[in-house]
Amino acid sequence: MISYPSRHCTVELQALPSRIGQVRRIVSAQLRYWHLDALIDRASLGVTELLSNVHRHAQPDKTCTVEIELLLDRLTVSVRDHDPRMPVVDDAEPLATCGRGLAMVAAMSESWGVRPDGESGKVVWFTLPTSSAAVAAPSRRARRTVLEKPALRFAEVGHTADGLRPEHAPARSAVAG
């Protein structure tokens, strides 16, 4: 017997940096509506990584579809694009600024994978458990870590030329046209 029906949300978009933030907000709002607030951070991180991969690697275009589906005790987030090439998970060099996205998705999700989608595309997906014990455990662990080790202030993180004050980079913003 099914205790509650499947719930589904689909968003089609161009995987451009300005659109990725919009999709994160849509996913967050949908999870709040489904009363799955505890999954918002992980789902947002995962969908950001998958959309970033589409933006960076997909050919011939950046058109994709994001689907989130809640079925029983699993939330599945998937991104479908038109590039049939399968992603490769490599070990990133220690100082590399990219190349860790799918490893992060694997680490924060219950399961993940990729499957061909016809002759011209693929679907990359991950799942998150929705049971109260599985959802609550990571947030309690994270909260305890923050309390035990105080975070550095922003000014303490920056490097300086003279060693006395932090360097500040000019603010940048992207405006969708």
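**Group meeting: a walk through the fold**

Let's start with one histidine. Leaving aside its neighbours within four places in sequence, H57 is in contact with K62, D83 and R85. Please keep in mind that this is a predicted model. H57 lies in helix 2, and with a relative accessibility of 44% it counts as partly exposed. Its contact with D83 spans 26 residues of sequence, and the two C-alpha atoms are 8.5 Å apart in space.

Now let me step back to the whole chain. There are 177 residues, and 31% of them are buried. The secondary structure comes to five helices and five strands, and along the sequence these follow the pattern β-α-α-β-β-α-β-β-α-α. If you take contacts between residues at least 6 apart in sequence, 63% join residues at least 24 apart. The exposed surface is about 12000 Å², with 56% of it supplied by carbon and sulfur atoms.

So how are the five strands ordered in the sheet? They form an open sheet in the order 1-2-3-5-4, with antiparallel pairing. Strand 1 and strand 4, residues 111-116, stand at the edges with a single partner strand each, so one side of each has no neighbour in the sheet. On average, neighbouring strands of this sheet are turned by 15° against each other, direction ignored.

Let me stay with strand 5 for a moment, residues 122-129. Seven of its eight residues are buried, so strand 5 is largely enclosed by the rest of the structure. On one pairing, eight bridges join it to strand 3, running antiparallel; on the other, six bridges join it to strand 4, again antiparallel. V123 is a nice residue to click on here. R80 stands opposite V123, and V123 is also the bridge partner of R115.

Strand 4 and strand 5 form a hairpin, with five residues between them. In that turn, G118 has a positive phi of about 70°. Helix 3, residues 101-108, lies across both of these strands and runs at about 35° to strand 5.

Over to helix 1, then, which covers residues 17-33. Its 17 residues reach 25 Å from the first C-alpha to the last, close to the 24 Å expected at 1.5 Å a residue. Which residues of helix 1 are buried? They are I20, G21, V23, V27, S28, Q30 and L31. As a reminder, an α-helix has 3.6 residues a turn, so residues three or four places apart point the same way. In helix 1, I20 and V23 are among the buried residues, as are V27 and L31.

What do those buried residues pack against? Their partners are strand 1 (7-14), helix 2 (40-57), strand 2 (63-71) and strand 3 (74-81). Just after helix 1, H35 takes a positive phi of about 60°.

Last, a word on cysteines. C9 counts as buried at 14% relative accessibility, and C64 counts as buried at 1%. How many disulfides does the model have, taking sulfur atoms within 2.5 Å as the cut-off? The count comes to zero.

To close, here is the picture I'd keep in mind: an open antiparallel sheet in the order 1-2-3-5-4, with strand 5 largely enclosed and buried residues of helix 1 packing against strands 1, 2 and 3 and helix 2. Thanks, everyone!

Conventions. Residues are numbered from 1 along each chain as its sequence is written. This is a predicted model: local features need pLDDT of at least 70, side-chain atom pairs count only at pLDDT 80 or more; totals for chains, interfaces and linings use all residues. Side-chain values use heavy atoms; hydrogens and water are left out. Helices (H or I, at least four residues) and strands (E, at least two) are DSSP runs, numbered from the N terminus. Buried means under 20% relative accessible area, exposed over 50%, partly exposed in between (1.4 Å probe, protein chains only). Contact means heavy atoms within 4.5 Å. Accessible areas come from the Shrake-Rupley method with a 1.4 Å probe; for residues, only the protein chains shown count as cover. The expected span of a helix is 1.5 Å times one less than its number of residues. Two strands pair if DSSP finds at least two bridges between them. Axes are lines fitted to C-alpha atoms, for helices over the stretch in contact, and angles run from 0 to 180 degrees between N-to-C directions. A disulfide is a pair of cysteine sulfur atoms within 2.5 Å.
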